[in-house]
Amino acid sequence: MRLAGIGAAEYAPARDPPASASLPPTHRPPRRPQARGVFHFPRRPHPDMPHAPLDLVTLKDRPDLLPIVRSWLGNRRSSPACPEHCFVLLAGGVPAGTASLAESSLETRPDLTPWLANLFVPPAFRGRGYSARLVAAVEAAARAARVPTLWLVTRSAESLYARLGWRVVGLAEFHGDPATLMRRDLGPVQNPKPYRAESAAT
Ligand SMILES: CC(C)(COP(=O)(O)OP(=O)(O)OC[C@H]1O[C@@H](n2cnc3c(N)ncnc32)[C@H](O)[C@@H]1OP(=O)(O)O)[C@@H](O)C(=O)NCCC(=O)NCCS
């Protein structure tokens with residue numbers, strides 16, 4: 001019998017299952033790696049897990065995290081940070097804070113560079129010491145870039161930074177608000193060189 005409108009090819013009987021389906025699992029082809037740039041939900045997603053494993057990644061490793069970093073920072077972003085030096089802390093795979101090593105921050109002090117900038121921990125993750133880990137990551141990146149001194153400007157968190165070894169060097173105005181200028185001496189650095197962000201994140 002011929003079915004109207006259906007050619008031979010479409011009317012072909014169901015094919016046999018592929019050979020791999022009958023093989024034991026160890027002989028199945030390897031799974032394809034997940035595509036980059038896609039946000040994958042974490043295996044253990046609960047943000048309140050007290051002992052969630054922590055990971056530090058950069059926007060260079062995980063460009064898919066740029067939208068959430070942008071949403072955290074709103075318009076308080078300093079100069080665009082190099083993706084390699086924009087850090088994101090993951091707690092159990094969930095984005096839980098960010099900080100950057102930025103070439104510039106305070107418009108009135110273009111002579112000072114580089115800066116610890118854009119430190120932010122979302123409210124659900126605060127009070128767990130995550131800010132200290134992010135600050136340490138930026139300091140380590142600065143050391144690796146042979147930077148002897150880091151700078152920051154803060155409107156409210158100087159006591160937090162002071163506990164992490166930063167020193168107040170003066171007052172400043174930041175986006176129209178009174179703020180404090182602070183510095184961190186990173187110790188002796190061989191062949192110090194000026195910091196230059198290689199590329200912009202935005
Ligand atoms: C400031 C901020 C990054 C702290 O993040 P956090 O992960 O909660 O910090 P920690 O858990 O490491 O807290 C360390 C300590 O600093 C204290 N602290 C938190 N925010 C502080 C602030 N703004 N000023 C002074 N101390 C602060 C905490 O109470 C805590 O003290 P404790 O150890 O005695 O309990 C976070 O509150 C935040 O993102 N705030 C909004 C953005 C902001 O203000 N960024 C800094 C701008 S320069």
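The paragraphs below go through a predicted model of a protein chain with a ligand, moving from the overall fold to the core, the ligand shell and some local backbone features.

The secondary structure of the protein chain comprises three helices and seven strands, and reading along the sequence gives the order β-α-β-β-β-α-β-α-β-β. Of the 202 residues in the chain, 28% are buried. Among contacts with a sequence separation of 6 or more, 65% are between residues 24 or more positions apart.

The largest nonpolar core has 34 residues, and those that touch the most other members are F87, A99, L116, L134, V138 and L152. Two or more residues of this core come from each of β2 (86–91), β3 (94–102), β4, α2, β5 (149–154) and β7 (177–185), with α2 giving the most, namely seven residues. As a general tendency, nonpolar side chains in soluble globular proteins are buried together. For one of the core members, L152, the contacts outside its neighbours within four places in sequence are W115, L116, Y161, W166 and M182.

The helix α2 deserves a closer look. It contains 15 residues and spans 21 Å from its first C-alpha to its last, which is close to the 21 Å expected at 1.5 Å a residue. Its buried residues are Y130, S131, L134, V135, A137, V138, E139, A141 and A142, a list that can be read against the geometry of the helix. An α-helix has 3.6 residues a turn, so residues three or four places apart point the same way. After α2 comes R146, whose phi is positive and near 60°; R146 is placed in the loop between α2 and β5, and it counts as partly exposed because 14 other C-beta atoms lie within 10 Å, where burial would require 20 or more.

Strand β4 also contributes to the core. Five of its six residues are buried, so β4 is largely enclosed by the rest of the structure. β4 pairs with β3 in the antiparallel sense over four bridges, and L116 in β4 is the bridge partner of L101. In the loop between β3 and β4 lies P114, which is joined to T113 by a cis peptide bond with omega of about -5°. Within β4 itself is N118, a residue other than glycine whose phi is nevertheless positive, near 60°; N118 counts as buried because it has 23 C-beta neighbours inside 10 Å.

Turning to the ligand, 15 residues surround it, and the closest are V121, R126, S131, T154 and A157. The elements that give two or more residues to this shell are β4 (115–120), α2 (130–144) and α3 (158–163), and α2 gives the most, with three residues. Helix α2 is thus the leading contributor both to the ligand shell and to the largest nonpolar core. By class, the shell has seven nonpolar, six polar and two charged residues.

A last stop is T149, which lies in strand β5. T149 counts as partly exposed because it has 14 C-beta neighbours inside 10 Å. T149 and D185 are separated by 36 residues in sequence, while their C-alpha atoms are 4.7 Å apart in space. Not counting residues up to four places away in sequence, T149 touches R183, R184, D185 and L186.

Note on methods:
Residues numbered from 1 in each chain as written. Predicted model: local features only at pLDDT ≥ 70, side-chain atom pairs only at ≥ 80, totals over all residues. Near = placed C-beta within 6 Å. Nonpolar A, V, L, I, M, F, W, Y, C, P; charged D, E, K, R; others polar. Expected span 1.5 Å × (residues − 1). Buried ≥ 20, exposed ≤ 12 C-beta atoms within 10 Å, placed from the backbone. Core = buried A, V, L, I, M, F, W, Y, C linked by C-beta atoms within 7 Å. Contact = placed C-beta atoms within 7 Å. Pairing = 2+ DSSP bridges.
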